[in-house]
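Trainee: Could you take a close look at one hairpin for me, and at the aromatic contacts that lead away from it?

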Amino acid sequence: MGIGFYLLTKQLFVADAYQGFLVAGPNGGLATTIASGAEGVPFKLPTGLDVDQSTGNVYFTDASSQYSLSQIQDAIDSTGDATGRLLKYDRNTQQVTVLLGGLSGAGGTSISSDGSFVLVSEFIAKRIRKFWLTGPKALTSEVLVTFQGRPINIKRTLLGDFWVAVNVERSNINGSSNGSTIQNVPTGIKINATGNILRTVDLSEFYGTANISEFHQRNRQFYVGTLRTDYLGRLSI
């Protein structure tokens, strides 16, 4: 569900929905488990992950302590699950701690370019939270932005902004007696550190109504990930 390299050691850290938090060495091979839970609570659905390249610390999420990946629609339909967590793996102590609990569908996470905060998405609550790591607001959080849809992974750009993969919910008038239905529109939304929306990219032309899980920019190329299909998308837009 989430991967990230620590470039200094060439380790690949992995958040796996069923296996927990793992790492693969610089030569590849079988990944080894670092942790299967934190502070006495087992992981149920590890999701997003990001590595702080300046420290080697890893930030990742556990979407819920009640629902697994196969039950994710039940978690969304319940609308009341708020057992997700934002977690930190400290490279020096090799310990995993909980930074923020009570999250409603903790999805993706991304650290700022200066290491002062991390963003974490809540796909059930349809919002992104900002958790401060340093400064006068250290160890507090605030709602940064809300969406008309469900945000999943967050990826920082080279300039320090963030792309969010959002599955936007849009009413579709079908012309029948049943009225309108809700249609999914896969969307990439670019935000800055203060939550302002800088750009919106409608991906329905390329991916129809598929749910996307990642929208990542590298130079002028965009990469699209999804759990529901068997391909990786690459776009020049």
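**The hairpin and its aromatic neighbours**

Mentor: Gladly! Strand β19 (residues 214-218) runs antiparallel to strand β20 (residues 221-225), and five bridges join them. Strands here are DSSP runs of E, at least two residues long and numbered from the N terminus, and two of them pair if DSSP finds at least two bridges between them. Keep in mind that this is a predicted model, in which local features need pLDDT of at least 70 and side-chain atom pairs count only at pLDDT 80 or more, while totals for chains, interfaces and linings use all residues. Residues are numbered from 1 along each chain as its sequence is written, and side-chain values use heavy atoms, with hydrogens and water left out.

Two residues separate β19 and β20 in the hairpin, and N219 in the turn has a positive phi of about 55°. Within the ladder, F215 faces V224 of β20. F215 is buried, at 0% relative accessibility; buried means under 20% relative accessible area, exposed over 50%, and partly exposed in between, with a 1.4 Å probe and protein chains only.

Now to the rings. There are twelve aromatic pairs in the structure. Rings of Phe, Tyr and Trp (its six-membered ring) pair if their centres lie within 6.5 Å; planes under 30 degrees apart count as stacked, over 60 as edge-to-face and the rest as tilted. One pair, F117 with F162, is tilted, with 6.2 Å centre to centre and 55° between the planes. Since F117 belongs to strand β12 (residues 117-122) and F162 to strand β16 (residues 162-176), this pair ties together parts that are 45 residues apart in sequence. F117 and F162 are both buried.

Back at the hairpin, F215 pairs edge-to-face with W163, at 4.9 Å centre to centre and 70° between the planes. This pair also links distant parts of the chain, with W163 in β16 and F215 in β19, 52 residues apart. W163 is buried as well, with a relative accessible area of 1%.

F117 has one further contact to look at: K130 lies over its face, 4.4 Å from the ring centre. A charge sits over a ring if NZ of Lys or CZ of Arg is within 6 Å of the ring centre and within 35 degrees of the ring normal.

For your next look, try the aromatic cluster made up of F13, F21, F43, F60 and Y89. Y89 stands opposite V96 in β10, and six bridges join β9 (residues 84-90) to β10 in antiparallel fashion.

Note on methods
Helix = DSSP H or I, 4+ residues; strand = E, 2+ residues; numbered from the N terminus.
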